[in-house]
Each structure stands twice: as C-alpha cells, then as structure tokens.
Amino acid sequence: MFEQLEKTEKRYVEIDEKLARPEVATDIAQVQALAKERAGIQDMVQKYREYKKASKDLEDVKAMGAGGSDDDMAALIKQESAELQVKIDKLTEDLKTALIPKDPNDEKDIIVEIRAGTGGDEAAIFAADLYRMYTRYAQTQGWKLDVISASESGGGGLKEMIFEVRGKTAYSRLKFESGVHRVQRVPVTEASGRIHTSTATVAVLPKAEEVDIAINQDDLRIDIFHSGGAGGQNVNKVASAIRVTHFPTGIVVVCQDERSQLQNKIKAMSVLRTRLLDMERRKQEESITSARRSQVGTGERSEKIRTYNYPQDRISDHRIDVTVHNLPKFMDGDIDGLIEQLKAHEQAIQLEGQ
C-alpha cells in the first residue's frame, strides 16, 4: 500500500512541476489533462502527507518518553500518543479506501429502464411507484431527469419506462438499483384483502457517448410512425415517433416522447449506444467476475435484490442483509441511507480483494 502511495505522491509532484513549465501552460489540452489527473489524486496525497506527519510526531513523542520523565509528563505523553495513534489508524483506513480503483463510469449520466415483471397489473403499478421513487430521489440530488419512452398500462401502471438522468454522481449512486425489486402488498384491485407478490426489473446503464461506440448506419433500420397515448392533435397529425432496429444484435429502441422526429431519433440513438456499450461491458466482466453478470435477470421472484413489504412496513435488501422501515418515506425518494450502506459494502469487498 505504501509503495503505491509513494508513487502517487511522486506523480503529484511531477504534475505540479509540469504545470509550472511555460511550454505546458500554453497547451490547453495538456493543462486540462494534467489538472484533471491532479484533482483525482490530490485528496489521497494530502491524506498520505497527514499520515506521514502524524507517524513522525508519534515517533518524536515516544522518543521524549524514552528518556524518562515525571508522572505529569508521562501522562501527557501517553495521552498524546493515544490521540496520534487514533489519527493514524483513521488515516490508514481512509488511504486504503482511496486506493480502491474508481469505476470509470461513476461520473457518467445514466439511462434507467424500469419494466413490470411478474404480477400483471399490480407489477405495472409497482413499476410506476419505482419510477416516482427515483424521480423524487433525483430531485433531492439536483439531477435532471428526461423521459425517453413510456408504455402505460391500465390503472396508472407502467409496462415500461425508460428515462435519462443527468448528474455528476448519478451512476455511482443508482448503479446499486439494478436488479429485480419485489413488492408484497394488497393490490388496489384485490377485493378479498389477500397479499400479492409482484416484481419489477430495473436496469441502470452508464450513458454511452458517440466516441464510446461506433455504429454502422448500414446496420440500422429506422422507422417513423405516429405516436401513441396522450399528446393532443400532434399525435394524430404528425408522424414523429422513431423506432431504431440494430440488425447485428436485434436491439429495438422506440422513442416517442418528443414532438419532433429529430429529437426522438437523437434520444433513440443515445439509448442504442448505451445498450451496446452495456453489452460490451458485460462481455468483459463475464470473464472476470460473476458479481455483475446480469442486471435484471428474467424478472422472476427468486431473483430479487430487494423486497418492499407493505404490511410489515419494511424494505429488505437481500445483497447486504439489511432491513429498514418507514416504507412510505422510502418510496417518496428517501433512499440515500440504503445506498450509502450498499456503497460501503462494495468498498469492503474491494478492500478484501486488494
């Protein structure tokens, strides 16, 4: 660990030296690259320097005590040594965490896909509840949310909802939401009061840029058709909805939320690039780990990552064996506490693997 920290500190010094050179200062691209790299390691270097200073201070304090001292001085030395050791232990843990490789997708915008799973109309209603939950959470984080495609069902439910979330930490926080979500409650359509179990699947994909994925236009078929659902006269008079079919993979993307063909095509191509990038990422991970082999599975109840139990007012995350209560507040977007626990769990696993 300390060998890596020494290398990082050395690199930090090198960057500062380069940024001070006149020939570098006039190269905007190089300055931006160096500044970004410097910002990425600055906190780690500062903590490492604090660690080295605290360690040196502890050695000095112990050296003072080694020469003999009166009772009062010995008590002060003991107290200061204990305080310094606590600081060193805390900095050591912080440095271990800082050395965990960062997910390159953490600061990307995301595409979120929610689909009703097992459970008919109740599953669709639950999918709509999840969409509302993420909408409220995005508001608390100051993120921007934009609907790409929606397929409604009866009773206010959603068969499918695809939307984009733009925000610096969107993927780093919502990536833990990928998987099958299970709900246990009495549906509004249930006259006998019997509890039903339904599911909805959530996929959180880091948004791909044009530079990430090259798409051959000859591999695409783009169809234009009239939008369905709400939309007034525009729905009937203007064919603005876009369906993009990617022949090599069979992926089909539909976008009809915008009023213009161009806007819908831009959104549809963005979703297509994101799905293709996700396919490539999964292929790479398949040979490395089984931890992320599938984001949503088939939607069967047995594949759940989390259960929302309304009669017992609890939310249970099965990946970390954690249960929290106050389900109405959670469904209103107060999910940050559980996300923090999932992040801590992921970091602990990564630390074990170092």
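**Entry 1. The hairpin.** I began with strands E10 and E11, which form a hairpin with four residues between them. In the turn I noted Asp-321, whose phi is positive, at about 55°. The model is a predicted one, and I read each entry below with that in mind. I then looked up the pairing: E10 covers residues 314-317 and E11 covers residues 322-325, and the two are antiparallel with four bridges. As a point of reference across the hairpin I recorded Ser-316, which stands opposite Thr-323 in E11.

**Entry 2. The three-stranded sheet.** I next asked in what order the strands of the open sheet lie. The order is E6-E7-E8, and the pairing is antiparallel. Strand E6 (220-225) and strand E8 (251-255) each have a single partner strand and stand at the edges, so one side of each has no neighbour in the sheet. On average, neighbouring strands here are turned by 15° against each other, direction ignored. I also followed the contact of E6 with strand E7, residues 241-246, and found six bridges between these antiparallel strands.

**Entry 3. Phe-225.** I stayed with this sheet to examine one residue. Phe-225 stands opposite Ala-241 in E7. The face of Phe-225 is also covered by a charged residue: Arg-243 lies over it, at 4.6 Å from the ring centre. I looked up a further arginine placed over a ring and recorded Arg-185, which lies over the face of Tyr-310 at 4.9 Å from the ring centre.

**Entry 4. Aromatic pairs.** How many aromatic pairs does a search of the whole structure find? The search gives six. I examined the rings of Tyr-137 and Trp-143: their centres are 5.5 Å apart and their planes stand at 85°, so I entered the pair as edge-to-face, given that planes over 60 degrees apart count as such. Both Tyr-137 and Trp-143 are buried. I also noted one aromatic cluster, formed by Phe-2, Tyr-48 and Tyr-51.

**Entry 5. Helix H4.** I finished with helix H4, residues 71-98, and checked its length. At 1.5 Å a residue its 28 residues should span 40 Å, and the end C-alpha atoms are 40 Å apart, which means that the expected span and the model agree. Which residues of H4 are buried? I listed Ile-77, Ser-81, Leu-84, Ile-88, Leu-91, Thr-92 and Leu-95 as buried.

Methods
Residues are numbered from 1 along each chain as its sequence is written. This is a predicted model: local features need pLDDT of at least 70, side-chain atom pairs count only at pLDDT 80 or more; totals for chains, interfaces and linings use all residues. Side-chain values use heavy atoms; hydrogens and water are left out. Two strands pair if DSSP finds at least two bridges between them. Axes are lines fitted to C-alpha atoms, for helices over the stretch in contact, and angles run from 0 to 180 degrees between N-to-C directions. Rings of Phe, Tyr and Trp (its six-membered ring) pair if their centres lie within 6.5 Å; planes under 30 degrees apart count as stacked, over 60 as edge-to-face and the rest as tilted. Buried means under 20% relative accessible area, exposed over 50%, partly exposed in between (1.4 Å probe, protein chains only). A charge sits over a ring if NZ of Lys or CZ of Arg is within 6 Å of the ring centre and within 35 degrees of the ring normal. The expected span of a helix is 1.5 Å times one less than its number of residues.
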